[in-house]
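Student: I would like a close look at a single part of this protein. Please pick one helix and take me through it.

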Amino acid sequence: MIRGNDEMNTSDYTAKAEKVILELRKDRYYHNFTTSKIRNILSMVNEIYNDVLGEKDDSLPTAIQDRIMHLKVRLIYECGRERMVKKFYEKAGLDEIISGIGSSKKKFISFVRYMEALVAYHLYYGGGE
C-alpha cells in the first residue's frame, strides 16, 4: 500500500499498482470490476488534476484541497454501491493516500500517476468491460 505521505518513484508506484491489481484478480467477483468503473474513478481524479497543473505554487489552494476531499467522499459512495470498488479502494490504499495529500501539489501528482498505473494494469490484465 502506498501511503499519502511517502514519496513515490516510478518503479514504486507501478510495482504497487501491479500488485494491487494482481491481488484483486484473485477475487471471484473481479470480473464485475469493469474498465468503465475504474475509468470513472480516474476521470474524477483527472478533473482535479487539470486544475492542479495550472497552479504555480507547490501548495494547493483550499478550493482544490476541498475538491480532493470531496473526491474521497464520492469514492466512499461508490464503495457502498459496488463490492469490487470497495475492495479496490481498500487494496490500493486510496483512503490513506487521499487523506495524506493535504496541500501538497507533489503528493497529488504522485497520486494521479498511481491511479493511472492502476488503470493501466487493470486493462493489461484483462479487466472486464
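Tutor: Here is one helix, followed by its setting in the chain. This is a predicted model, in which local features need pLDDT of at least 70, side-chain atom pairs count only at pLDDT 80 or more, and totals for chains, interfaces and linings use all residues. Residues are numbered from 1 along each chain as its sequence is written, and side-chain values use heavy atoms, with hydrogens and water left out.

Take helix α5, residues 94-101. Helices here are DSSP runs (H or I, at least four residues), numbered from the N terminus. Leu94, Ile97, Ile98 and Ile101 of α5 are buried. They lie on the same side of α5, because they cover an arc of only 95 degrees around the axis. That arc is taken from the directions from the helix axis to the C-beta atoms. Buried means under 20% relative accessible area (1.4 Å probe, protein chains only). The cover over these residues includes α3 (62-81), α4 (83-91) and α6 (105-124). After α5 comes Gly102, with a positive phi near 55 degrees.

Now confidence. pLDDT is the predictor's confidence in each residue, from 0 to 100. Among the elements of the chain, α5 has the highest mean pLDDT, 96. Helix α1 (residues 10-25) has the lowest, 90. The chain mean is 89. Residues 1-6 stay under 50. Where pLDDT is low, the predicted coordinates should not be read in detail.

As for the setting, the protein chain has six helices and zero strands. Of its 129 residues, 41% are buried.

Terms used:
Buried means under 20% relative accessible area, exposed over 50%, partly exposed in between (1.4 Å probe, protein chains only). Helices (H or I, at least four residues) and strands (E, at least two) are DSSP runs, numbered from the N terminus. Contact means heavy atoms within 4.5 Å.
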